[in-house]
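Trainee: Could you walk me through reading a chain, from the whole fold down to a single residue?

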Amino acid sequence: QVQLVESGGGLVQPGGSLRLSCAASGNIFSITFMAWYRQAPGKQRELVGRITSSGTTNYADSVKGRFTISRDKAKNLLYLQMNSLEPEDTAVYYCYAYLQEYSGSYFRPYWGQGTQVAVSS
C-alpha cells in the first residue's frame, strides 16, 4: 500500500518562508512525476508545480520565482520551498505522485492527506 505523508505546514507571516516535505512509502517501483497541489477554502484544487523523474520542473504563474520544488529520488522525498509567502497562498497543500507499484503494473495517481498552510499577520 502506497502512502504519501506531508509535513511542514503551519502559520507564517506575510513575506515569510516555509518548507513542506512529502514522504512516499510502500510498494513503489517507479515514479513518473510528483507534484504539489493546493486548495483554498471555497476554491478548486490547483496545481502549484511538479517535477519529473528527470528533474524538470514547472510552476503555476502565481508561484513562479517564489516557490521551488525539489526531490530526493533515492528516498522518495518531495519538497516545496515557499518564500515570500502571501495571504493568497493560504490553503491545504497536497502531495501527488504518479507511480507504478510493480514492474509491469499500471501507473496510478496517489494523494497525500494534505497539510495546512496559513499566511497571516
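**From fold to residue**

Mentor: Start with contacts, meaning heavy atoms within 4.5 Å: of those in the chain with a separation of 6 or more, 55% are between residues 24 or more positions apart. Keep in mind that this is a predicted model, where local features need pLDDT of at least 70, side-chain atom pairs count only at pLDDT 80 or more, and totals for chains, interfaces and linings use all residues. Residues are numbered from 1 along each chain as its sequence is written, and side-chain values use heavy atoms, with hydrogens and water left out.

Trainee: How many helices and strands does the chain have?

Mentor: Helices (H or I, at least four residues) and strands (E, at least two) are DSSP runs, numbered from the N terminus. Here you get zero helices and 11 strands.

Trainee: What share of the residues is buried?

Mentor: Buried means under 20% relative accessible area, with a 1.4 Å probe and protein chains only. In this chain, 40% of the 121 residues make that cut.

Trainee: Now a single residue: where does Thr115 lie, and why does Thr115 count as buried?

Mentor: Thr115 lies in strand β11, residues 115-119. Thr115 counts as buried because its relative accessibility is 11%.

Trainee: Which residues does Thr115 touch, leaving aside neighbours within four places in sequence?

Mentor: Glu6, Gly8, Gly9, Leu20, Ala91, Val92 and Tyr93. Gly9 deserves a second look: its backbone nitrogen lies 3.3 Å from a polar atom of the Thr115 side chain.

Note on methods: Buried < 20%, exposed > 50% of the residue type's maximum accessible area, 1.4 Å probe, protein only. Polar contact = N/O pair within 3.5 Å; in protein donor to acceptor, adjacent residues only side chain to side chain.
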